[in-house]
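The following exercises concern a predicted model. Each task is followed by a solution that proceeds step by step.

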Amino acid sequence: MAMPMTALDIFKLLAKKNCGECGVPTCLAFAMMLANKQTELSKCPYVSPEASQQLESTSLPPMRTVTIGDFDIGGETELFRHDKKFINQTAYAVVIEDRLDNAAIIERAKKFDAMKFERIGIISGVDSIAIKSTGHAQRFAEAVQLVQDNSALPFVLMSNDPQVIEAGLKLVSKAKPLIYSGTVHNCAAMAKLAKQYACPLAISSDDVDELIELSEVAKSEGVDDVVLDLNLGNQTLHNVLEWLTVLRRLSVRKLFRPLGYPIMINLDNGADIEAQAVTAAIGTMKYASLIIFGDLDPARLYPLATLRTNIYTDPQALIQVNPGLYEIGKPNRRSPVIVTANFSLTYFTVASDIEASKVPAYLLVVDTEGLSVMTAFAADKFTPETIAEALEQSKVADKVDHRKLTIPGMIAMMKMKLEDLTGWEVIVGVKDSSGLPKYLKEIAKG
Amino acid sequence: MVAIPKESWTGKIKEVVFGATADEGGTRDRRLLLGGETTLPFLSFEGRVSRPVIGMEVIDTVGEDYPHMIIDEFGDLIRDPVAWAHACVYTYGADFICLKLLSTNPEEDNVSAEDAAALVSTMLVQVKAPLIIQGSGDYEKDARVMELCGNAAKGERCLLAKAEQDNYKSIAVAATASGHVIVAFSNIDVNIAKQINIMLTEFGVPLDDIVIDPLMAGIGFGVEYAYSAMERIKLAALTGDKMLQCPMIADITTAWSAKEAYRADAKLGDEKERAVFWEVASALAALMSGANAIILRHPRSVAITRKVVDELMG
């Protein structure tokens, strides 16, 4: 991987006038800020063109972040998520064609706008609607208007004809739609529109060298926000994975500027929803920043969106569930109350083992700052005090007739203290969650 | 022309033979080769790749918490593990069977090791695909179950599952006595995966007889941890860590731990389509992160995943 330049490397390339016109007293201080990406080179009026070129290639991020409407794509720096978090999750767009009648356009716009799910506090779903032209500017504008009136989602505008695209841009350019796309036939004209309306531009080619040329055309027209489309939607999965890997390596490992942009896949190719969803799942894990679906249903989107949330979580951050009282099954006034930590894997394991027991229960999830039971105990985050407080706040005392609290077997030592603090009888439960089904069944038998 | 960036890895995944045909003194109708690759999954442009194999789960006695969707799919077969396995191999095209002897658990039905071994014997006669023999997870009982089942399958080069830090010796003894491969289990932890392989080799088991099971978690249930653990194991192996150069197996049936995958909920779409795709997407996560063998539950997941693997192999 190319090393980022140090402040000293940068300092050597500066004019060393210490004029202070950049707002920083000395060139060395300016160089330090540049190295930390806290300022921009353009603030220096005296930088030479050679120095500028050399500095630009190392000071830019490996992959540009591109904003479409209200979301960002790209900006990635890694090949493997365990090294560092993947930055901007893969965005999902779905096509609406302008050849549909108005009622059908409205129906689809509403359907995709509503196709989102809340799962452990995270809302995830369709991010964008891609409006596809059949070649008539006026009809395209009508379709864009209809979608805008019936959905709040950002747009992708799909046409090979710059006039058609402009008809759409006139209506919605403020919403920063992605223009799809500049090709070898129209790239300069599309890039001019992207520049004029300040919108991002997708460039398309089957050929990677041609794609590089298009990227240079866009750059020469002053378009910075580019999305790359290598027509992977029409390739075999083998080629999709290979090219996504090659393109990601070229940007984040080789710092190859002409391809330092987010990658997209257009799956509007007539394949069935299942085949599209399979490609999308692979693209979500391996390096696609935007996927356009020809069609999508909740049965595929829900698993996909879940996978996407999972893959794009920060591997360094512990995943937490909200602390509080959870009902597993339909607990009644005699159901057991079980305590656990709010590390998400702990929660899922315990909840699933309770569910497997078929014995309804209240699960009291204590805020252990995302640590598992033993780690939290060792770190003083899972103490008689924190458990007592959580018990109090949960008001579970109003929901059950008994006063029996089951704690994890690993923290048996806090039984006495916890009983003193709460006045509840503390039952030492199983050491491992996998023993819960048996344990609960026995409790249920009395 | 832009130069295509290729990695040249220094390490290679060992090729483990799973299943013995008549040539090797067994009675299987095929031998599966797990691993052998010299690069990350499916990247044939820079190295040798290996085709992941797809097996199906069969349970000796299905519990009441088993998904009804699967019970409906197999019908009466689900009460007869041999018939169930037969359908998996000869109707749905499973490359191998993973027989889970859950009823041997002393806390459940406590079926005897002798009875379990009798089931394995019948299975081997009726179903000719390679076999994984998996215990109930009760260390004490598994020692006996593996000994007898391993012996009943002598020479067939089965996979015996699962060797963990606390019971690896008994599994290793059973495997080496009867010529089987060991599934070395760790709980989404690269260090433990390595540690258990070190312990097994120190105990005398060659690395060619070990398959790593790093615990696959389905989507929504910690897939990101499993994905990264598997990716890290594969990268460590490819960069030369000999103790991790064993092929990996991923049991995707954990995807069914997520009730949201298949509970009826109109907002989440048709539950059958959702459940299958939940399992398929979990399988894809395992394949993308380096699994050499996967175990699936739903026949349609098998069909879809096989097609995907064919296409990924190019």
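**Exercise 1.** In which strand of chain B does Lys162(B) lie? Describe also the peptide bond that precedes this residue, and do likewise for Ser181(A).

*Solution.* Step 1: Lys162(B) belongs to strand E6 of chain B, which covers residues 159-163. Step 2: the bond from Ala161(B) to Lys162(B) is cis, with omega near -5 degrees. Step 3: in chain A, Ser181(A) sits in strand E8, residues 178-182. Tyr180(A) and Ser181(A) are likewise joined by a cis peptide bond, for which omega is about 5 degrees. Step 4: as background, most peptide bonds are trans.

**Exercise 2.** Give the overall description of chain A.

*Solution.* Step 1: count the elements; chain A contains 16 helices and 17 strands. Step 2: consider the extent; the C-alpha trace spans about 80 × 65 × 40 Å along its principal axes. Step 3: consider burial; 54% of the 446 residues of chain A count as buried. Step 4: consider the surface; the accessible area of chain A is about 19,000 Å², and carbon and sulfur atoms contribute 52% of it. Step 5: consider the contacts; among those in chain A with a separation of 6 or more, 67% are between residues 24 or more positions apart.

**Exercise 3.** Which residues of helix H16 of chain A are buried, and against which elements do they pack?

*Solution.* Step 1: helix H16 comprises residues 436-445 of chain A, and its buried residues are Leu436(A), Pro437(A), Tyr439(A) and Leu440(A). Step 2: viewed down the axis of H16(A), the buried residues fall within an arc of 165 degrees, so they line one face of the helix. Step 3: the buried residues of H16(A) pack against strands E14 (337-341), E16 (404-407) and E17 (425-428), and against helix H12 (344-357), of chain A.

**Exercise 4.** Locate Asn342(A) and Pro408(A), and describe the surroundings of each.

*Solution.* Step 1: Asn342(A) is placed in the loop between E14 and H12 of chain A. Its relative accessibility is 0%, so Asn342(A) counts as buried. Step 2: a polar atom of the Asn342(A) side chain lies 3.4 Å from the backbone nitrogen of Glu369(A). Step 3: beyond four places in sequence, the residues in contact with Asn342(A) include Ile319(A), Gln320(A), Val321(A) and Pro323(A), as well as Val365(A), Val366(A), Asp367(A) and Leu371(A).

Step 4: Pro408(A) is in the loop that runs between E16 and helix H15 (415-422) of chain A. With a relative accessible area of 13%, Pro408(A) is buried. Step 5: apart from neighbours within four places in sequence, Pro408(A) contacts Val339(A), Val373(A), Phe382(A) and Val430(A). Step 6: Leu214(A) is 194 residues from Pro408(A) along the chain, and their C-alpha atoms are separated by 61 Å.

**Exercise 5.** What is the sign of phi at Tyr287(A) and at Arg157(B)? Place each residue in its loop and assess its burial.

*Solution.* Step 1: most residues other than glycine have a negative phi. Step 2: Tyr287(A), which is not a glycine, has a positive phi near 85 degrees. Tyr287(A) is in the loop between helix H10 (273-285) and strand E12 (290-293) of chain A, and its relative accessible area of 3% makes it buried. Step 3: phi of Arg157(B), also not a glycine, is positive at about 50 degrees. Arg157(B) occupies the loop between helix H4 (139-152) and E6 of chain B. At 18% relative accessibility, Arg157(B) counts as buried, since the cut-off is under 20%.

**Exercise 6.** Is Asp297(A) buried or exposed, and is Leu28(A) buried or partly exposed? Describe the setting of each.

*Solution.* Step 1: Asp297(A) has a relative accessible area of 19% and is buried. This residue lies in the loop between E12 and helix H11 (298-311) of chain A. Step 2: the side chains of Asp297(A) and Arg300(A) make a polar contact at 2.6 Å. Not counting residues up to four places away in sequence, Asp297(A) touches Met115(A) and Ile273(A).

Step 3: Leu28(A), at 37% relative accessibility, counts as partly exposed. Leu28(A) is part of helix H2, residues 27-35 of chain A. Step 4: together with Leu8(A) and Met32(A), Leu28(A) forms a nonpolar surface patch whose combined accessible area is about 280 Å².

Conventions
Residues numbered from 1 in each chain as written. Chains lettered and ligands numbered in written order. Predicted model: local features only at pLDDT ≥ 70, side-chain atom pairs only at ≥ 80, totals over all residues. Heavy atoms only, no water. Buried < 20%, exposed > 50% of the residue type's maximum accessible area, 1.4 Å probe, protein only. Helix = DSSP H or I, 4+ residues; strand = E, 2+ residues; numbered from the N terminus. Arc of directions from axis to C-beta. Contact = heavy atoms within 4.5 Å. Patch = residues over 30% accessible without salt bridge, like charges linked within 9 Å, V, L, I, M, F, W, Y side chains within 5 Å. Areas by Shrake-Rupley, 256 points an atom, 1.4 Å probe, with all protein chains shown as cover. Salt bridge = Lys/Arg side-chain N within 4 Å of Asp/Glu carboxyl O. Polar contact = N/O pair within 3.5 Å; in protein donor to acceptor, adjacent residues only side chain to side chain.
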